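Open your viewer, bring up the chain, and let's take a walk through it together. At each stop there will be something to select and something to look at.

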Amino acid sequence: MSMATRTDTQSPGQHVADSHDLIRVHGARVNNLKDVSIELPKRRLTVFTGVSGSGKSSLVFNTIAAESQRLINETYSAFVQGFMPTLARPEVDVLEGLTTAIIIDQQRMGADVRSTVGTATDANAMLRILFSRLGRPHIGSPNAFSFNVPSVRASGAITVERGGAGKTKTVKKTFTRTGGMCPHCEGRGMVSDIDLTQLYDDSKSLAEGAFTIPGWKSDSFWTVRVYAESGFVDPNKPISKYTKKELQDFLYKEPVKVKVDGVNLTYEGLIPKVQKSFLSKDPDALQPHIRAFVDRAVTFTTCPECGGTRLSEAARSSRIGGINIADACAMQISDLAEWVGGLDEPSVAPLLATLRQTLDSFVEIGLGYLSLDRPSGTLSGGEAQRVKMIRHLGSSLTDTTYVFDEPTAGLHPHDIQRMNDLLLRLRDKGNTVLVVEHKPETIVIADHVVDLGPGAGTAGGTVCFEGTVEGLRASGTITGRHFDDRAALKEKVRTPTGTLEIRGATANNLRDVDVDVPLGVLVVVTGVAGSGKSSLVHGSIPAGQGVVSVDQGAIRGSRRSNPATYTGLLDPIRKAFAKANNVKPALFSANSEGACPNCNGAGVIYTDLAMMAGVPTTCEECDGKRFHSSVLEYHLGGRDISEVLAMSVSEAEEFFGAGEARIPAAHAILDRLTDVGLGYLSLGQPLTTLSGGERQRLKLATHMAEKGGVYVLDEPTTGLHLADVEHLLGLLDRLVDSGKSVIVIEHHQAVMAHADWIIDLGPGAGHDGGRIVFEGTPADLVAARSTLTGEYLAAYVGT
């Protein structure tokens, strides 16, 4: 075997191909970026910092990563591009030196009821193949172990054309497919039971308005009248007096065509109608009053046939060494990795090696406490981001750009070091790593730092500093000044006014936990990721009955939604405009009668270009103001409705606080928005343009209006800059001083140091956690240093 000899004929100088070692951005103007020009080193770790809303995501995700993805999509044929999301070119003059971008963001994973950690990471797919090969008794292909595939049997005659000249032959065929779906719950693991008393008042007739479903008015053509005039029930008879046949038709009848006032409509039983109208939708996407109705009317219970495993009896009967696929998916992933490692079967050796590698990646990234049957919609933003990382950890790709959005979100200080090691490993393989981050522990490992600001919204969008971490420390920027800030332990803690008793808590991994949560003070519940914090707080302190819960669920909203519509601020403003001008409030809504007829209140006209990105152009009729010209002639305090929506929260607070435009209800909402540090936001700014930290605080401001004595906050520092954390601590203090009890699930040491009482769970994650390892004051925790949290908090406060 001969070896080719390499002769180096070129000069020892640098090859021209090696000169492309920078990503150049020139003139970026996406969202609030103000003509930003910057050069980023390739194959290095660059961290982007700055206050929430300063433009970090606009530069990293909406400019660099978006253009990389758009250019890759353009390499596919027009046919393929027709099936892909269409991306517009970012508003930037020049972008050079881009490499393939892999985006690992904090977008929540699909909240589909059938999506689990296993299905989202391909681990389930490999397990199904494993059981179809080794499971005894053998029941079929991998589909026989999938809870998304129903079993199907069919037989009948089919006509086959053969021999030309119109000759046909009838052939009898039988088709069977064995799926693993539980037929009772259809692979959901839960069955719903509807409380009929929440749907109608059976003492009334339909004509008397028996329905109590939101939006079902007695004159509604599509809902109530189709029941009243269907001929299946007597509209003048109380529902309680219906015959068995009438009640069956009223509640369960299959869809059938009926005529109402000469119009063909579909009549369907009330139960399937409600299920399609309300239960098939994502609960987070429903309006608050509809969601409240669903919570009242529907109870979900574990499926009695499959025990919540989602799988058919046949799928559960096939086992490998006494373990069926439901048992495997219910195991903690760290335990499942050990079980897979113990299987020795040469015929499936490559499959076992790949599956073991995937499961080991979960453990390595700090998610070994999850199980594969965990619904993906229940993962926090940080957990979802790390699950997305799984497929990239063992990747052989190099010279790609990895883009991360706060990879330390939801991580205990103990876990941050592990995440830092992963980021450095990706860089050391020859990749460019771009990270948007606020935590000093991660900023400090950067090769290059870009600090955006100086403020948020219109006050941000410029590069305040770029260089090394030491240069950032010495700079006068907000991040530089706050980089080494450390919150001190309180000299004196508040005295509780009472206690909330939790007894025998067993949700998820909790081990029969008994704890007294003090009321009237600031309580921080902490512990490593997966130790049982959320299970304790959300599982034992349900929202309602004086409890206001602000979780990390995503804010739902289209580009038509804005802070004014989301917070309910627009309602009192519309009424005030209507009263001052003696017209209807609907005129002052861009989604109703006041909308510009040309753009339907969107402010822009979208031109669809098939597989290319649609082109938005400002509406010439309303000049982007979204309202009909006649509506803009009505004024309140000298301003029209479009000028009010263009105001910042701070301006609007002053405008609606006094004089002719004084609206106490609007002023109270604006007060809360200022309280959470959102004074710079425009009232009409689309929700889709807000950063993660801004959305979290917008949700907090909305919930502050609710009447409740106990506030439960889930990691409120997510997405917050070091300077904003200080502002948040002031807000938490004001809430407690006003007589509220505040319980915070948090990892940030500044919030722990500021607490009156700490409840620490652990000592580990998953089945290694679920116990109370400390409860007491922060000073006692630091003095004892008996837990991981105690050690890191002691290091943080410098004792």
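Accessible areas here come from the Shrake-Rupley method with a 1.4 Å probe. On that basis, the surface of the protein comes to about 37,100 Å², and carbon and sulfur atoms account for 50% of that surface. Please keep in mind throughout that this is a predicted model.

**The whole chain**

Start with everything shown as a cartoon. You should be looking at 28 helices and 27 strands. Turn the view along the principal axes, and the C-alpha atoms fill a box of roughly 90 × 85 × 65 Å. How does the radius of gyration sit against that of a compact globule? For 799 residues such a globule would have a value near 28 Å, and the protein has 30 Å, which agrees.

Now colour by burial: buried residues make up 49% of the 799 residues. If you draw contacts between residues at least 6 apart in sequence, 66% of them join residues at least 24 apart. Before moving on, colour the charged side chains. There are 80 positive and 92 negative ones, and the centres of the two sets lie 7 Å apart.

**Into the cores**

Next, select Ile 573, Phe 656, Leu 683, Val 742 and Leu 793. Within the largest nonpolar core, which has 69 residues, these five touch the most other members. Which helix gives this core its largest share? It is helix α25, residues 722–737, with seven residues.

Keep Leu 793 on screen and show its surroundings. Leaving out residues up to four places away in sequence, Leu 793 touches Gln 749, Met 752, Ala 753, Ile 758, Pro 778, Leu 781 and Val 782.

A second core, separate from that one, holds 65 residues. To find it, select Leu 127, Phe 145, Leu 359 and Val 469, which are among its members.

**Three buried polar residues in helices**

Go to helix α1, residues 56–73, and pick Ser 58. Its relative accessibility is 8%, so Ser 58 counts as buried, the cut-off being under 20%. Beyond neighbours within four places in sequence, Ser 58 is in contact with Val 30, Asn 31, Asn 32, Leu 33 and Thr 63.

Helix α12, residues 349–364, carries the next stop, Ser 361. Is Ser 361 buried or exposed? It is buried, with a relative accessible area of 7%. With neighbours within four places in sequence set aside, Ser 361 has contacts with Ile 390 and Leu 393.

For the third, move to helix α14, residues 413–428, and select Asn 420. At 2% relative accessibility, Asn 420 also counts as buried. Show its contacts, ignoring residues up to four places away in sequence, and you will find Glu 441, Thr 442 and Ile 445.

**Two distances to draw**

While Asn 420 is selected, draw a line from its C-alpha atom to that of Thr 674. These residues are 254 apart along the chain, and the C-alpha atoms are separated by 35 Å.

Now try another pair, Thr 689 and Val 435. They too are 254 residues apart along the chain, and their C-alpha atoms are separated by 19 Å. Thr 689 itself lies in the loop between α23 (664–675) and α24 (692–703). With a relative accessible area of 31%, Thr 689 is partly exposed.

**Backbone details in the loops**

Finish with the backbone, in sticks. Between α4 (123–134) and β6 (152–161) there is a loop that contains Pro 137. The peptide bond joining Arg 136 to Pro 137 is cis, with omega about 0°.

Where is the place of Pro 763? Look in the loop between β26 (757–762) and β27 (771–776). Here a cis peptide bond joins Gly 762 and Pro 763, again with omega about 0°.

Then check two phi angles. Arg 310, in the loop between β11 (298–302) and α9 (313–317), has phi near 75°, a positive value in a residue other than glycine. Arg 310 counts as buried, at 7% relative accessibility.

The last selection is Glu 715, in the loop between β24 (710–714) and α25. Glu 715 is not a glycine, yet its phi is positive, about 50°. Its relative accessible area is 9%, so Glu 715 is buried. From here you can follow the chain on into α25, the helix that gives the largest core its largest share.

Note on methods. Residues numbered from 1 in each chain as written. Predicted model: local features only at pLDDT ≥ 70, side-chain atom pairs only at ≥ 80, totals over all residues. Heavy atoms only, no water. Helix = DSSP H or I, 4+ residues; strand = E, 2+ residues; numbered from the N terminus. Rg over C-alpha atoms; globule rule 2.2 N^0.38 Å. Buried < 20%, exposed > 50% of the residue type's maximum accessible area, 1.4 Å probe, protein only. Contact = heavy atoms within 4.5 Å. Lys, Arg positive; Asp, Glu negative; His and termini not counted. Charge placed at Lys NZ, Arg CZ, Asp CG, Glu CD. Core = buried A, V, L, I, M, F, W, Y, C linked by side-chain atoms within 4.5 Å.
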